[in-house]
Amino acid sequence: MSFRDGHWQGDNTDGSGLVRDLRDRRGLDLHGRRVLLLGAGGFLGGHLAGALQAGGWTVRAAPRGDLSTLPPDAWDDLLGGAGAVVNAAGRTAGTLPELTRANVLLPALLLDAAGRAGTRVVHLASAAEYGRTPEGRAA
């Protein structure tokens, strides 16, 4: 699903809308259609990896673990050669510091590195951003 001209368009249950949105529409160099995928081992990331590959993208999965501890030069290396980055990583459960690292600090570090590299970013939000239900679960 994508947002264009003030309206939501398409059906993105299989990730195909995201693949269409990543296509080069402005003549930008997307480095041979290579994408770095954060969260490739998760539910959304796993589906997106398949959809991106089916759309002709070469997908490189970011390493698992706490990427919020990486220094800037390691982020630069991680993004090297990618024409786009998809952030499907996030947490919906954990302590407030764990949720903050995964859902606030990690995207901020990614955006900073992508800005230095001139790389497009697609960020998928976590349900944890909306707070907790009365039962203590992510909304």
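A: In sorting residues by class, Ala, Val, Leu, Ile, Met, Phe, Trp, Tyr, Cys and Pro count as nonpolar, Asp, Glu, Lys and Arg as charged, and the others, Gly among them, as polar. This is a predicted model, in which local features need pLDDT of at least 70 and side-chain atom pairs count only at pLDDT 80 or more, while totals for chains, interfaces and linings use all residues. Residues are numbered from 1 along each chain as its sequence is written, and side-chain values use heavy atoms, without hydrogens and water.

Q: How many residues of each class are in the lining of the largest pocket?
A: There are 15 nonpolar, ten polar and five charged residues in that lining. A pocket is an open set of points on a 1 Å grid over the protein atoms alone, where a 1.4 Å probe fits, with protein on both sides within 12 Å along at least five of seven lines; lining residues have an atom within 4 Å of a point.

Q: How much space lies in the largest pocket, and which residues are closest to its centre?
A: The space comes to about 680 Å³, as filled by probe spheres set on the points, which are joined across faces, edges and corners. Of the 30 lining residues, Gly-39, Ala-88, Ala-89, Gly-90 and Arg-91 are the closest to the centre. Two elements, α2 (43-54) and α4 (96-117), give two or more residues each to this lining; α4 has the largest share, with four.

Q: What are the elements of the protein, in order?
A: Helices (H or I, at least four residues) and strands (E, at least two) are DSSP runs, numbered from the N terminus. Here there are four helices and six strands, running β-β-α-β-α-β-α-β-α-β.

Q: Which strands form the open sheet, and in what order?
A: Strands pair if DSSP finds at least two bridges between them. Four strands lie in the order β4-β3-β5-β6, with parallel pairing. Because β4 (58-61) and β6 (120-123) stand at the edges with a single partner strand each, one side of each is left without a neighbour in the sheet. Four bridges join β3 (residues 34-38) to β4, and Leu-37 has Ala-61 as its bridge partner in β4.

Q: Is Thr-119 buried or exposed?
A: Buried means under 20% relative accessible area, exposed over 50%, and partly exposed in between (1.4 Å probe, protein chains only). Thr-119, in the loop between α4 and β6, is buried, at 11%. Across the protein, 32% of the 139 residues are buried.
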